[in-house]
Amino acid sequence: HITLTAIHTYDHHEQGIKISGGDDITVTNTVSRSNDQHGVQILNTNAVALTNNTLHDNVQSGTVVTNTPSVTMRNNLLTANGAFALSTDSASLRTLVSNFNDLTSPSQQVAQIGSTTHPSLSDWQAASAQDDRSVSVDPQYTNTYQLNEGSLVIDAGTTTSAPSSDIDGNIRPRGNNVDIGAFESSFSATANVLYADAQNGSDSTGDGSLSAPFKTITKALSNVLSGTTQAIYLSGTFPEQVTIRADHSGSSAVPLKITTAPQNANGSLAIVTGSDLRSTAFSLTSASYITLESIEIRDVTASAIQLSNSRNITVTRSVIHDADNAAVNASESTDVTLTNNKIYDNGTSASENGHGGFILTNRSKRAVIINNTLFDLRSSAGTAAGIVLTTTSDSSRIENNIIVNADRFYVTDTTSLASST
């Protein structure tokens, strides 16, 4: 029953903190950085809680867990560590609870389970069923490891088990929510986030805040500051066609994420539905750095998501079903990433050789299609294609997808794949 708090440990030849043996250990409000091995090593212990710590730039991992049940990790910055942000064995993973963290790796090795590497946050989420509310972003440290204004981890934590003050004794939270990491910032992320609530919002009187949300996604998009607005949070069911243009784009430093709000009813996904609209749900034209995450899209009479001349578009952890054509149809679009989505019952009006899953055509290059599940895709002639690449859609990765009751995938014309499994 030991608590370690408000410690700054750095430049050690081994770990910053090593926990070996014992029971009910808590580490909170601690900075462990630039050590020759791990920020925190946990082994042969029972019930360890890591909350609001900054584990940065350690030569090996931010945290490594071995033979330790009941480890809980919340509100931790595990950033720029040489090997992994987080490494755990399979036995410890079974009782691990990890969420609201920031996990990054300069070597594209965010996490490890046993000897298996998971290069991205989405890969780790799919393999571990953990960190569904975590992020993988540059926290924008000051030279004392506090958070600069505009950091994406400000207000991004959870109050659950969070200490009431930070490493310097400042009250937590100081903004609208708890920050991730040992230091609580005086800044707020509210100005960079918009809210839309289909049932309780108003496009005429709302201002896009949590307390006065807009009613439609379209209204929220009209208030986006390109390269500044970080997210649009959705609650409820939206019967609208959403058009995303170049002036709505994010940037490489601040991509725009459209996602389900944390407070959405019962933790369910926000829904975008075609309803009676004879159109797609999301249409992106000349847009860039847009992420659609944790959204259910259904009942549209065209492709659910249509991309045209767009780049750096991500669709992840979403459910897309009952679309009359493809889940995602990309034309002349580059660097499209489709990961950890569930796609089913699409392609109902597609003709022979119809497409119910993902289509990339007309020089849509460098797509990444990984860890998706596609099933029951059909056309008037039978099953529809799960994944289609045509017309020099080169240098794409297609890996670890499950395709059931649909054609596997087609690669036609002069298309070449970087990898396919």
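## Strand pairing, cores and side-chain contacts

In strand β33, V368 is the bridge partner of T337. The model is a predicted one, in which local features need pLDDT of at least 70 and side-chain atom pairs count only at pLDDT 80 or more, whereas totals for chains, interfaces and linings use all residues. Residues are numbered from 1 along each chain as its sequence is written, and side-chain values rest on heavy atoms, with hydrogens and water left out.

The bridge between T337 and V368 belongs to a parallel pairing of β30 with β33 (residues 368–370), which runs over three bridges. Strand β30 (residues 334–339) also pairs in the parallel sense with β27 (residues 311–316), here over five bridges, and within this pairing V315 stands opposite L338. Strands (E, at least two residues) and helices (H or I, at least four) are DSSP runs numbered from the N terminus, and two strands pair if DSSP finds at least two bridges between them.

The largest nonpolar core (buried Ala, Val, Leu, Ile, Met, Phe, Trp, Tyr and Cys residues joined through side-chain atoms within 4.5 Å) has 49 residues, of which F282, I305 and F358 touch the most other members. Residues up to four places away in sequence aside, F282 touches I217, V242, I244, V272, L292, I295, I297, A304, I305 and Q306, contact meaning heavy atoms within 4.5 Å. Another core of 23 residues lies apart from the largest one, and V27, L50, V71 and L78 are among its members.

The table lists four strand residues with their accessibility; buried means under 20% relative accessible area, exposed over 50% and partly exposed in between (1.4 Å probe, protein chains only).

| Residue | Strand | Relative accessible area |
|---|---|---|
| T260 | β21 (residues 256–260) | 2%, buried |
| H321 | β28 (residues 319–323) | 8%, buried |
| Y344 | β31 (residues 342–344) | 19%, buried |
| F375 | β34 (residues 373–375) | 23%, partly exposed |

The side chain of T260 reaches the backbone nitrogen of A270 at 2.9 Å, and one of its polar atoms lies 2.4 Å from the backbone oxygen of S294. Beyond four places in sequence, T260 touches R133, Y233, L234, S268, L269, A270, E293, S294 and I295. With the same sequence neighbours left aside, H321 is in contact with E296, I297, R298, D299, Y344, D345 and N346.

Three aromatic pairs are counted (ring centres of Phe, Tyr and Trp, the last by its six-membered ring, within 6.5 Å; stacked under 30 degrees between planes, edge-to-face over 60, tilted for the rest). One of the pairs is formed by Y344 and F375, which are stacked at 5.1 Å centre to centre with 5° between the planes. Y344 lies in β31 and F375 in β34, so this pair ties together parts that are 31 residues apart in sequence. Elsewhere, the charged end of R33 sits over the ring of Y10 at 4.3 Å from its centre, a term that requires NZ of Lys or CZ of Arg within 6 Å of the ring centre and within 35 degrees of the ring normal.

Helix α2 (residues 121–128) is mostly covered, with six of its eight residues buried, namely L121, S122, D123, W124, Q125 and S128. The helix is followed by A129, whose phi is positive, near 60°.

Notes. Polar contact = N/O pair within 3.5 Å; in protein donor to acceptor, adjacent residues only side chain to side chain.
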